[in-house]
Every structure is written in structure tokens, then in C-alpha cells.
Amino acid sequence: MRVVLTGGGTGGHIYPALAIGREIADKQPGSSLLYIGTTRGLESRIVPEQGIAFEDITITGFRRSLSWENVRTVMRFVQGVRRSKQLLKSFKPDIVVGTGGYVCGPVVYAASRLGIPTLIHEQNVLPGLTNKFLSRYVDGVAVSFPESAAHFAKCPNVVYAGNPCATRVLQANRNSGYESLGLKLGTPFVLAVGGSGGAKALNEALVQAAPLLRKLPGVHLVFVTGERFYKDTEAAISKDLLDVASRVKVVPYIRNMPEVLAAASLYVGRAGASFLAEITSLGIPSILIPSPNVTNNHQEANARSLVNAGAAKMILERELTGDLLFARIGEIMGDETRRAEMSKASRGLGMPQSASLVYEQIVRLQQKR
Ligand SMILES: CC(=O)N[C@H]1[C@@H](OP(=O)(O)OP(=O)(O)OC[C@H]2O[C@@H](n3ccc(=O)[nH]c3=O)[C@H](O)[C@@H]2O)O[C@H](CO)[C@@H](O)[C@@H]1O
């Protein structure tokens, strides 16, 4: 099968596309994949590392308020459609799969104009702007939460398929996770990460919370700052760690995240949909600090579904302090029974079969051609 994958800007859109690509390659060896993204997005770095062919288009996102920049965005969209058509005519895919983020817009739209079957995947409870726009043109939509289907009421072939990131983490080797962090197998550690780009507010709270680890003997912290915050955060945290320095590892980004997640005892971080799919698939308990800066506050909606099931505790960013964060970490890391209960609730929400459900939909739509 020949498949074009597109989606990006941030990891939450890229990794579902890569997980879909991997499922296609597993089920139909010899398939050809082409990823279309932007050079500015994280995808331009991550995708070629996976050995997948990558082409770029130039496009920016719409502003929600009236702005001249939106006029330029329309012009870039038109150019993006033209370039996408050239790429699609030359690659001749059997289907185009978009996983959200503004780069999907021109690519999936161009495919629909050329009569190529199209599928979009929505990760969040509340759909993004690009997927809402595209839903008028696509042949199918795969949603990660049953309640999202209502937002695509006019679209044919809406299936509830979960988020394929849930599948990619299951294949991970946890021993390699410990080894890559330089930890002894079985060492309990908290994984703290502010989404694929890092989160300043979370980083600041962690800088305050990390020295308090001296009250939690044996527990390690793996702190992922995000590339752009690494230097400052590392400098700030190093000053106060003293005797707990050997239990805190600060890194800008983790490339083998599935392996690291498979070994983690507790996830502390944003409530991006792909991360949540991964931690529930593995049954990891969590403390979630939803980003208040996302469309329709959708991360809080994502987080609530875990909190209501008993899988997570939530701290709103406006309430976040180092002391409060450490207190929540201590409650969970210091109480094995509570951790086990949260872990069970988390696994209950997981959808590890997601990638194969999306794959089945791809095969169905592609055969309709
Ligand atoms: C600020 C923003 O717009 N956030 C959105 C973005 O989040 P964001 O891009 O942060 O995505 P998620 O938190 O959902 O997922 C991050 C993905 O990147 C991977 N990862 C992350 C850090 C790292 O060091 N290494 C690594 O591999 C994770 O394993 C995961 O697969 O897309 C999500 C999915 O549409 C949305 O729910 C989020 O609201």
C-alpha cells in the first residue's frame, strides 16, 4: 500500500501518524510511506530519524482573531494546496492520512480534490480547527474519544479508534528504558514532562519541588524540560539539589519515550492527548497540570476523563506551586496501595488495540476507491 501521512507542529500530532505508519508497515510489509510536514515543525527532525521519506510544504496556522496575518495564511494555504497536489501526483498514494495540526489542511484538502481517499485522526475530546475544516472533505474520521463523534456529525464513516500512540508504547522494552537513563532495573522514578515542547510553569514548579525529594528516600526524578527551556532550567535546578543531585536527571527531550514510559512509576505533566493515550495503555498513574493555553481548554477536558476514573490527580496551573506538586507526588509515591489502585484505573482507560482499529479503517476506505 502507498500511504501519505501528514500532521505536525508538535509531538501530539506526529507520534500518532508514526504509530499508524508502523502498523501499516507491520501489516503490509513492502508498503511505501511518505510524510508531508513543515520544516519548522518537530516532524522535520523526528520523521527522517524513523527512516520515513519526508517532504515539506510552507504553511502557517490561522489566528482566531481577525488579523492581516490570516490573509497571508490563506495565500500560503493556496500555495500549499498547489505544492501538495504536485507531491501527491508524483507519489500516487492509495490513501492520505492526516493527524491534525495546520500542515494537514492543504495536504488532505488537495488529496480530496484529486479523488484520493482520505482519513483524519482526531486526538482530543474537542477537535482542532484544521480537522474541523477538513471534516467537510474527507472520506473518514477516526476519533480517540466516543464523545468527539458528535463534532463530526456531518461526516461519513466516523469510527471510535482511540489514539494509536497507545499501541506504540506497548512494544517498548522497559529494561532499555532504565538503561538509557543510567538507572538500576526497578528503580522507582517520577517522569515529569511538559508535553513535546516543555512547559515553563511546570518547569518552575519542579525546580522548587526537586530538592524536597530528600523527604522521599530512594525515589528518582527524570525531568524533561523541553529543548527551549533546557539551559535555564538546568542552571536553576542545579543550585539547590545538593544531596539529592544523584537522584535527579534533567534532559531537554527524550527520543526513546516509549521505553522510558514503560519503566516510569508516576507521570507528572501536561494533559496532551497522545501522552494520556500512552500512560493509560501502560497503566501509569499521573498528576496532570493541563495547559491553559490550548483551544477551548481541551487539555482540562482530557485530564478530567482520567481524574473521574481515579487514574489521575489534577492541579490547575493557577494553583501550581513547588510545595503542592511535591505534596501530591509524595502522596502517590509514598503509598504503594494508592499507586496500584490508580494504575489499575489508568489501565482501564487504555486502548492498546488502537493502531489496528485505525489500520482497518484505512483498508476499508482505500478499497472504496
Ligand atoms: C500546547 C499544545 O498545543 N498541546 C497539544 C499537543 O500536545 P503535545 O505535542 O505536547 O502532545 P502530547 O502531550 O499529546 O504528546 C506528546 C508526544 O510526544 C512524545 N514525546 C514528548 C516529549 C519527549 O521528550 N519525547 C517524546 O517522545 C510523547 O511520548 C507523546 O507521544 O498535541 C496534543 C494532541 O493533539 C494536544 O492534546 C495538546 O493539547
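Which strands does helix α1 lie across, and at what angle does α1 run to β1? In this predicted model, helix α1 (residues 11-27) lies across β1 (2-6), β2 (32-37), β4 and β5, and its direction is at about 165 degrees to that of β1. That helix turns up again below, at the domain boundary and around the ligand.

## Two domains

Let's start with the overall layout. The protein chain splits into domain 1, made of 2-163 + 353-367, and domain 2, which covers 169-348. Measuring between centres over C-alpha atoms puts domain 1 and domain 2 29 Å apart.

Where the two meet, 15 residues of domain 1 are in contact with eleven residues of domain 2. On the domain 1 side, α1 gives the most, with four residues. Sort that side of domain 1 by class and you get six nonpolar residues, nine polar ones and no charged ones.

## The seven-stranded sheet

One open sheet has seven strands, in the order β3-β2-β1-β4-β5-β6-β7, with parallel pairing. At its edges stand β3 (53-56) and β7 (158-160); each has a single partner strand, so one side of each is left without a neighbour in the sheet. From one strand to the next, the twist averages 20 degrees.

A couple of pairings are worth a look up close. β1 and β2 run parallel and are joined over five bridges, and V3 stands opposite L33 in β2. β1 is also mostly covered, with four of its five residues buried. Further along, strand β4 (residues 95-98) pairs with strand β5 (residues 118-122) in the parallel sense over three bridges. Here V97 has L119 in β5 as its bridge partner. As a general point, side chains in a regular strand alternate between the two faces of the sheet.

## The six-stranded sheet

Another open sheet has six strands, ordered β10-β9-β8-β11-β12-β13, and the pairing is parallel here too. Its edge strands are β10 (248-251) and β13 (312-314), each of which pairs on one side only. The twist in this sheet averages 15 degrees from one strand to the next.

Within the sheet, strand β8 (residues 189-193) and strand β11 (residues 266-269) pair in the parallel sense over four bridges, with V193 standing opposite G269 in β11. Helix α12 (residues 298-308) packs on the sheet and touches β12 (286-288) and β13. The direction of α12 makes about 130 degrees with that of β13.

## Helices α8, α11 and α13

How many residues of helix α11 are buried? Ten of ten: α11 (residues 273-282) is mostly covered. The buried residues of α11 include F275, L276, I279 and L282, and also E278, T280 and S281. Just after α11 comes G283, with a positive phi of about 70 degrees.

In helix α8 (residues 200-209), the buried residues are L202, N203, A205, L206, V207 and A209. These pack against β8, β9 (220-224), α9 (230-241), β11 and α13.

On the α13 side of things, G322 lies in that helix, which spans residues 322-333. Why does G322 count as partly exposed? Because G322 has 16 C-beta neighbours inside 10 Å, and a residue needs 20 or more to be buried, while 12 or fewer would make it exposed. Leaving aside residues up to four places away in sequence, G322 touches A205, Q208 and A209. As for V97, back in β4, its C-alpha atom is separated from that of G322 by 41 Å, with the two residues 225 apart along the chain.

## Around the ligand

Which residues come closest to the ligand? T10, G11, G12, G195 and G272 do, out of 27 residues that surround the ligand. The elements that give two or more residues to this shell are α1, α11 and α12.

By class, the shell has ten nonpolar, 15 polar and two charged residues. Both domains take part: domain 1 and domain 2 each supply at least three residues to the shell around the ligand. So helix α1, which gives the most to the side of domain 1 that touches domain 2, is also one of the elements giving two or more residues to the ligand shell.

Methods: Residues are numbered from 1 along each chain as its sequence is written. This is a predicted model: local features need pLDDT of at least 70, side-chain atom pairs count only at pLDDT 80 or more; totals for chains, interfaces and linings use all residues. Two strands pair if DSSP finds at least two bridges between them. Axes are lines fitted to C-alpha atoms, for helices over the stretch in contact, and angles run from 0 to 180 degrees between N-to-C directions. Two residues are in contact if their C-beta atoms, placed from the backbone, lie within 7 Å. Domain bounds come from an automatic or database domain assignment. Ala, Val, Leu, Ile, Met, Phe, Trp, Tyr, Cys and Pro count as nonpolar, Asp, Glu, Lys and Arg as charged, and the others, Gly among them, as polar. A residue is near a molecule or strand if its C-beta atom, placed from the backbone, lies within 6 Å of it.
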